[in-house]
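Trainee: Could you take me through one part of this model closely, namely the protein surface beside the DNA? I would like to see how that part fits with the rest.

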2 protein chains.
Amino acid sequence: MGHTQRGQCAKRISILDAAAEVFCREGFSGTSIDEIAVEAGVSRQTIYNHYREKETLFTAVVEDVMDRANAMLYSILSTFPDKSDRLEDDLTAFAVRLTKNCLCNQDGKFLRKLVQSEGERYPHLFETWRQHGPGKIGTALGALFARLSHKGVLRIDDFDLAARQFLALVNADLQMITLFGGTPTDEELENAARNAVQTFIRAYSGTASETAPRTPALAVVS
Amino acid sequence: MGHTQRGQCAKRISILDAAAEVFCREGFSGTSIDEIAVEAGVSRQTIYNHYREKETLFTAVVEDVMDRANAMLYSILSTFPDKSDRLEDDLTAFAVRLTKNCLCNQDGKFLRKLVQSEGERYPHLFETWRQHGPGKIGTALGALFARLSHKGVLRIDDFDLAARQFLALVNADLQMITLFGGTPTDEELENAARNAVQTFIRAYSGTASETAPRTPALAVVS
DNA sequence: GACGTTTTAGACAATGGTGTCTAGTTTGAC
DNA sequence: GTCAAACTAGACACCATTGTCTAAAACGTC
């Protein structure tokens, strides 16, 4: 899995880092090799020595970021406690770790922007992203919710749907910030996570929807 | 508000439409005026006659799309029935209209991609988007939820938060499709809306969170 | 049908980016 | 210190793009 070329040499790393930065800021067409060279503190020829052409460099950058993001994602996913007696607090802390280290950091921003703007141009690369990379965060989260559901701590029919909704809820408050390249403060992350988790738990701590008549609680309450 | 330059002449329209298409597909730097000219069936000089330079054309396109999207948004927002006796069905149909005509159509895709990729480069334009354009869909939806809450049909503390979450939930199932330039089918839109609305109602039909202990609907129903 | 406006096709200079090449310099291993 | 590998600086050909300019053609209005 970790088929990164990092570690080969210090120059490679600074090239990859600088390239990620510039590609993210300017997009593929808007990026010039010279700009990357300056940012990396390296001569242009050195870049061409390591990567045959601009497109080679670009795919190398994407793979590098994807590998790192993927590793980080799995490291975060494993931090949810096995025994959770304070579900809301645990889920909130978990969501904060997830957003801070995966969704709203530099790599997350890079992938979000690049998948959006160049995804159609590189179907292969981003099919990889979707199936083997950070794009499958949804199904990975689904497994976590399956565990929680089987333990009876949540009532979930469709684990993958719940995972997508959980991510969507967490992002609901952060989109406006990240959309413009801003990085949310710790407080904003905390609030976003708290709001999302409260709504999520309210939606998924009741009776599972198939075991009760579809007309929901409202009819019963009134 | 409707400060569009449309209608001046047929050429302008085809230029704006073609430019929107190409800018959306290729991004600002990746777009060449010639490509737009061909797509619009117009000579390059004609484009320079109407718009002084590439950047002028770009901002004109964004304003045009924003105006249209804004009008469409308000037309859709007004379609939610005053008396809603089937809340789930009404909200679902509403969400379908919203996604089909505002969020997932050509204009929605354009704004999503362009705000994401060029937002930092044109702060003024996208501040407009956020405050006076489609970007304020959240607060507009908030007003709707305020109505529903005051009627007692939903229990909502924070209307704007609920609106953001509603949008996020609707998008949860569509993101993977729209992210790659695809357009969801009617069935996918319907399913996404249904899933979102069911979860939303489950989260917001119980007792308001501050007035009752956190364990919600379940307790009331059983 | 005449006249002014709009559009067209193409040539054009200027610019900036890609990728190659060369000659000289640094670096690190032994 | 030597030698090979990596790196640098700069020149270079090549190409695409922007924006201007011109002369001819199409259009529409009276």
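Mentor: Around DNA strand D there are 15 residues, and the closest are A:Lys11, A:Ser43, A:Thr46, B:Glu53 and B:Lys54. Two or more residues of this surface come from each of these elements: H3 of chain A, and helix H2 (33–40) and H3 of chain B. H3(A) gives the most, with three residues. Sorted by class, the surface near DNA strand D has four nonpolar, seven polar and four charged residues. Keep in mind that this is a predicted model.

Now turn to the other strand. DNA strand C has 14 residues around it, and those that come nearest are A:Ser32, A:Glu53, A:Lys54, B:Gln45 and B:Thr46. Here at least two residues each are supplied by helix H2 (33–40) and helix H3 (44–50) of chain A and by helix H3 (44–50) of chain B. For DNA strand C it is H3(B) that gives the most, with three residues. The classes on this surface are four nonpolar, six polar and four charged residues.

The next point comes from a record. An unreviewed UniProt entry lists residues 9–69 of chain A as "domain: HTH tetR-type". In the model, residues 9–69 of chain A are 85% helix and 0% strand, and the C-alpha atoms at the two ends are 21 Å apart.

Behind the surface, consider the nonpolar core. The largest one has 120 residues, and those with the most contacts inside it are A:Ala19, A:Val61, A:Ala196, B:Ala19, B:Val61 and B:Ala196. Leaving aside residues up to four places away in sequence, A:Ala19 touches A:Ile36, A:Leu57 and A:Val61.

For contrast, take a residue in a loop. A:Arg155 sits between helix H8 (137–150) and helix H9 (159–172) of chain A. Is A:Arg155 buried or exposed? A:Arg155 counts as partly exposed, because it has 18 C-beta neighbours inside 10 Å, and a buried residue needs 20 or more. A:Arg155 and A:Ile201 are 46 residues apart in sequence, while their C-alpha atoms are 9.4 Å apart in space.

Last, the confidence values. Chain A has a mean pLDDT of 88, and 89% of its residues reach 70 or more. Over residues 208–222 of chain A, however, the pLDDT is below 50, although this stretch has 21 contacts in the model beyond near neighbours in sequence. For the complex, the predictor gives an ipTM of 0.87 and a pTM of 0.88.

Technical notes
Residues numbered from 1 in each chain as written. Chains lettered and ligands numbered in written order. Predicted model: local features only at pLDDT ≥ 70, side-chain atom pairs only at ≥ 80, totals over all residues. Near = placed C-beta within 6 Å. Helix = DSSP H or I, 4+ residues; strand = E, 2+ residues; numbered from the N terminus. Nonpolar A, V, L, I, M, F, W, Y, C, P; charged D, E, K, R; others polar. UniProt positions renumbered as here; feature names shortened; annotations may be inferred. Buried ≥ 20, exposed ≤ 12 C-beta atoms within 10 Å, placed from the backbone. Core = buried A, V, L, I, M, F, W, Y, C linked by C-beta atoms within 7 Å. Contact = placed C-beta atoms within 7 Å. pLDDT = per-residue confidence, 0-100.
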